[in-house]
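The following exchange examines one molecular structure through a series of questions. Each reply closes on the item requested.

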Amino acid sequence: MIIKSSTKNYEVKIGTDFEMAKNLALDATCFVVVDSNLYRLYKDELFSSIPEEQLYVMEAVEEKKTIETALDICEIMTNIPAKRNARLISFGGGIVQDVTGFVANILYRGIHWTFYPTTLLAACDSCIGGKTSLNYKKFKNLLGTFFPPDEIRICTPFFKTLTEKDFQSGLGEVVKFNVMFGEKGIRNIEDNIDELLKRDDDKLLQFVNSSLLFKKDFIEEDEFDRGVRIHLNFAHTFGHAFETMSHYEIPHGTAVAMGTIVANRISLSRGWLDEEKVLRVENVLWKIIHINTLHIQVSMDDIISAIHKDKKQVGKELTAVLMKDDMKLQIVHDVQREEIENAINYLFDKLTDEKEL
Ligand SMILES: NC(=O)c1ccc[n+]([C@@H]2O[C@H](COP(=O)([O-])OP(=O)(O)OC[C@H]3O[C@@H](n4cnc5c(N)ncnc54)[C@H](O)[C@@H]3O)[C@@H](O)[C@H]2O)c1
Ligand SMILES: [Zn+2]
């Protein structure tokens with residue numbers, strides 16, 4: 001798959017084995033950044049031959065997604081005998097992607113970058129689109145640029161070692177893409193969610209591929225997020241609020257799955273979607289939302305104000321992307337507090353029920 005972008009077109013390759021990760025063909029111009037959990041798990045199989053001076057092992061936690069980590073990597077990279085011809089190769093999820101994308105963008109005004117997404121979330125969604133983001137003080141993703149990798153290499157067996165929590169988070173984005181695709185997508189995910197949960201490599205390849213193809217159309221038409229790309233914000237307006245108030249205990253994709261329920265419940269109350277469809281989507285989502293409700297013991301006021309603080313909110317009225325009339329996406333500018341409260345109360349009641357089972 002080739003993604004078109006104004007800086008460069010780039011290629012995504014997906015494989016159901018580790019071949020692409022094994023044949024790195026490292027020379028002195030290469031520098032490799034690896035997620036520390038990944039390094040521990042795959043050191044012998046994949047990373048043992050990387051010379052120490054060409055390797056940076058990075059802890060993938062939000063506290064490290066900072067300009068300091070990015071500058072640290074830049075500084076260490078000055079030690080390899082390459083400048084603008086340096087090649088950065090990184091392995092990890094969205095955190096490693098955000099930091100190394102930023103490094104590849106600013107070091108020597110831009111160097112070659114190959115990214116291996118190793119979480120399902122990074123593989124099915126964030127690896128394309130070119131966004132890099134860093135946290136600054138208490139501000140999540142405050143700093144950032146647009147800079148896509150030159151090559152993206154996805155090896156589905158990496159997803160076998162993800163924790164249940166991180167794997168299900170990735171599925172949150174996969175389900176979201178299928179729901180956005182309408183009836184055909186919903187049927188597709190209903191038929192395949194159980195196999196996906198078993199982490200079947202062929203199924204994962206198929207769904208990573210279809211998720212990326214779906215996203216590709218939006219980012220190619222609106223690379224810099226000024227127009228049609230806003231549709232990809234479906235479920236995220238509410239999802240971001242759940243992430244923030246749980247202090248990132250609820251991972252991104254799980255928050256998006258919860259946001260999908262809220263968005264569709266609002267559509268249902270407006271008579272824009274029929275209950276049968278909404279319930280079918282929820283049946284799939286309950287299979288992947290397993291969170292400790294302790295993380296969401298906050299007031300409705302906090303949630304609503306977190307939604308208003310979302311950087312996509314421009315005015316006083318709340319804007320959200322909702323499904324309308326047979327699953328078409330629509331940007332809506334008049335979402336009322338009461339509608340959101342009702343939808344969130346529904347979600348929280350169900351989550352509490354689940355915990356009591
Ligand atoms: N740039 C974008 O477009 C974009 C889009 C969405 C999210 N994000 C960012 O991505 C981050 C979340 O990324 P994420 O959900 O991919 O995960 P992550 O990078 O936070 O990693 C989650 C956990 O999985 C571990 N891990 C990674 N690969 C593994 C593997 N194969 N086996 C076992 N463990 C593995 C990591 O060490 C970490 O503990 C957030 O900071 C978010 O803001 C960026
Ligand atoms: Zn997302």
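The questions and replies below concern the metal site, the nonpolar core, the salt bridges and one helix.

User: What kind of model is this, and what pLDDT do side-chain atom pairs need?

Analyst: Residues are numbered from 1 along each chain as its sequence is written, chains are lettered from A and ligands numbered from 1 in the order in which they are written, and side-chain values use heavy atoms, leaving out hydrogens and water. This is a predicted model in which totals for chains, interfaces and linings use all residues, local features need pLDDT of at least 70, and side-chain atom pairs count only at pLDDT 80 or more.

User: Which residues coordinate the zinc ion (ligand 2)?

Analyst: Donors are N, O and S atoms within 2.8 Å of the metal (3.2 Å for Na, K and Ca); water is not among the atoms, so sites may look incomplete. Along the chain, the donors of this zinc ion follow the spacing E-x62-H-x15-H. Glutamate 173 in helix H6 and histidine 236 in helix H9 (residues 236–245) are 63 residues apart, helices being DSSP runs of H or I with at least four residues, numbered from the N terminus. At 2.0 to 2.1 Å, the coordinating residues are Glu173 (OE), His236 (NE2) and His252 (NE2).

User: Are glutamate 173 and histidine 236 buried or exposed?

Analyst: The classes rest on relative accessible area: under 20% is buried, over 50% exposed, and in between partly exposed (1.4 Å probe, protein chains only). By this criterion, glutamate 173 and histidine 236 are both buried.

User: Which helix gives the largest share of the largest nonpolar core?

Analyst: A nonpolar core is a set of buried Ala, Val, Leu, Ile, Met, Phe, Trp, Tyr and Cys residues joined through side-chain atoms within 4.5 Å. The largest one holds 121 residues, and Phe242 is among those that touch the most other members. Its largest share, nine residues, comes from helix H10 (residues 252–269).

User: Which residues does phenylalanine 242 touch, beyond those up to four places away in sequence?

Analyst: Contact here means heavy atoms within 4.5 Å. With residues up to four places away in sequence left out, phenylalanine 242 touches Ile250, Ala255, Met258, Gly259, Val262, Ile303, Ile344, Leu347 and Phe348.

User: How far apart in sequence are the parts that arginine 280 and glutamate 190 tie together?

Analyst: A salt bridge is a side-chain nitrogen of Lys or Arg within 4 Å of a carboxyl oxygen of Asp or Glu. Arginine 280 and glutamate 190 form such a pair, with their closest N and O atoms 2.8 Å apart. Arginine 280 lies in helix H11 (residues 275–285) and glutamate 190 in helix H7, so the tied parts are separated in sequence by 90 residues.

User: What is the relative accessible area of glutamate 282, the partner of arginine 265 in a salt bridge?

Analyst: The N to O distance in this salt bridge is 2.9 Å. The pair links helix H10, which holds arginine 265, to helix H11, which holds glutamate 282. Arginine 265 is buried at 14%, and glutamate 282 is also buried, with a relative accessible area of 3%.

User: What arc do the buried residues of helix H12 cover around the axis?

Analyst: Within helix H12 (residues 300–309), the buried residues are Met300, Ile303, Ile304, Ala306 and Ile307. The arc is that of the directions from the helix axis to the C-beta atoms. These residues lie on the same side of H12 because they cover an arc of only 160°.

Notes. Helices (H or I, at least four residues) and strands (E, at least two) are DSSP runs, numbered from the N terminus.
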